[in-house]
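Let's take a walk through this fold, starting with a gap in the packing and then moving out to the sheets and a helix. Keep the viewer open as you read.

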Amino acid sequence: MRRSVVILVGLALLAASCAERAPSDARQGGGPVIAAVGDIACNSLPSEHTRRCEYDQVAQTIREIAPDAFLALGDLQYLHGEYENFLAYYDRFFADLKPITYPAIGNHETYTLYGQGYYDYFGDRAHPPGGWYAFDLGSWRLVALNSQLCKGSTWTPELGQRAPITTSPAIDKGCGPGTPMYEWLRKDLATHPATCTLAYMHHPLFGSEPYPEGVFLYQLQPLYELLDAAGVDVVLAGHEHNYQRFAPMDAFGRPDPNAPRLFVVGTGGDTYGDLPEGEVAANREAAQDRSFGVLRMRLLEGGYDYEFVTSAGERPYEDAGHGDCV
């Protein structure tokens, strides 16, 4: 199954207050709604800062969207993802969203040995020890992946560099062919065919720090090639503390209308991540680095509507459109 995507750009001006926003066409249409964002909670309270650590406002934005599912795109609790910090900071503002939260693990969660704080906080919803899983939402198949595994190791205060990511040695071997996550993904995509499929993880393959041909984390390429070959429509990631939307492209950055469309949504309230001044990233269609907010998507039969929703008090920013799955 391959996809072609048609983008419709344009949206009524976002109001300064989230509560006062008029519903978009996506909100009025049929199909479930998801909210997605990563890079969220500082290890301090929002009241202690100005112009950073605004994760309380991001949580409120998600409540106002009232999604059917919240896709949490990793680095949900800084600095090392300790369980105590999850309870003290993230949980204070996101606890009521936990029943609809489908998390993906980030690198900062693995800075606590084996990601134990993350897995203790989310429990079975995080699917330890590997952290990957899939589920159906409406007519869509959604797949959560552990992109940190692609690096093959992590860093922890206890063990330093090259620390294992999980308690299972069989899992700490990257994410290429033959690895547990890759083979699970290949089987899941084959046995759960869907007209539309969305994959999400913490690290983007492409971003604002280009490797050859714009590749951000080259270890992800085998996984991305598998997603592309299976006809996945949308890939969501965080890690960079900004918002970026790319035209559909393959795992080597070549434009392809049948390839996945990547959204980077690292605007969860921790800090702003500057986009290099004057940079023109290949195939990037929209980007901003000064507004915290959330990507809202309505998962339609055979397509999706998307809209970036800025949080209260943030600089207004507009990006919205539609994509088809065929």
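What you have here is a predicted model, and a search of its interior turns up one cavity of 30 Å³ or more. That largest cavity has a volume of about 40 Å³. Which residues line the largest cavity? Its walls come from Met201, His203, Pro204, Leu205, Leu220, Leu223, Tyr224 and Val235. Sorted by character, the lining has seven nonpolar residues, one polar and no charged.

Now for the sheets. One of them is an open sheet of seven strands with mixed pairing, and you can trace the strands in the order E4-E5-E8-E9-E11-E10-E12. At the edges sit E4 (133–137) and E12 (284–288), each of which pairs on one side only. Ignoring direction, neighbouring strands in this sheet are turned by 15° against each other on average.

Start at the E4 end. E4 and E5 run antiparallel and are joined by five bridges, with Tyr133 standing opposite Ala144 in E5. Step across E5 (residues 140–144) and the sense changes to parallel: E5 pairs with E8 over five bridges. Along that seam, Val143 faces Ala199 in E8. On from there, E8 and E9 (residues 234–237) also pair in the parallel sense, over three bridges, and Tyr200 has Leu236 in E9 as its bridge partner. As a reminder, strands of a sheet pair through backbone hydrogen bonds, either parallel or antiparallel.

E8 deserves a pause. How many of the five residues of strand E8 are buried? Five of the five in the run 196–200 are, so the strand is largely enclosed by the rest of the structure. Look at where the side chains go: Cys196, Leu198 and Tyr200 point one way, Thr197 and Ala199 point the other way, and all are buried.

While you're in this sheet, look at the loop between E10 (243–246) and E11 (261–265), where you'll find Pro260. Is Pro260 buried or exposed? Its relative accessibility is 0%, so Pro260 counts as buried. Gly231 is 29 residues away from Pro260 along the chain, and their C-alpha atoms are separated by 7.4 Å.

The other sheet to look at is an open one of six strands, again with mixed pairing, in the order E3-E2-E1-E13-E14-E15. E3 (101–103) and E15 (320–324) stand at the edges with a single partner strand each, so one side of each has no neighbour in the sheet. Here the average turn between neighbouring strands is 25°, direction ignored. At the E3 end, E2 (residues 69–72) and E3 run parallel and are joined by three bridges; Phe70 has Thr101 in E3 as its bridge partner.

Finally, turn to helix H2 (residues 55–65). Its buried residues are Tyr55, Val58, Ala59, Thr61, Ile62 and Ile65. Viewed down the axis of H2, these buried residues fall within an arc of 155°, so they line one face of the helix. The spacing follows a familiar rule: an α-helix has 3.6 residues a turn, so residues three or four places apart point the same way. Right after H2 comes Ala66, whose phi is positive, near 55°.

Key:
Residues are numbered from 1 along each chain as its sequence is written. This is a predicted model: local features need pLDDT of at least 70, side-chain atom pairs count only at pLDDT 80 or more; totals for chains, interfaces and linings use all residues. Side-chain values use heavy atoms; hydrogens and water are left out. Buried means under 20% relative accessible area, exposed over 50%, partly exposed in between (1.4 Å probe, protein chains only). Helices (H or I, at least four residues) and strands (E, at least two) are DSSP runs, numbered from the N terminus. Two strands pair if DSSP finds at least two bridges between them. The arc is that of the directions from the helix axis to the C-beta atoms. On a 1 Å grid over the protein atoms alone, a cavity is a set of points where a 1.4 Å probe fits but cannot get out, and a pocket is an open set with protein on both sides within 12 Å along at least five of seven lines; lining residues have an atom within 4 Å of a point. Grid points are joined across faces, edges and corners, and a volume is the space filled by probe spheres set on the points. Ala, Val, Leu, Ile, Met, Phe, Trp, Tyr, Cys and Pro count as nonpolar, Asp, Glu, Lys and Arg as charged, and the others, Gly among them, as polar. Axes are lines fitted to C-alpha atoms, for helices over the stretch in contact, and angles run from 0 to 180 degrees between N-to-C directions.
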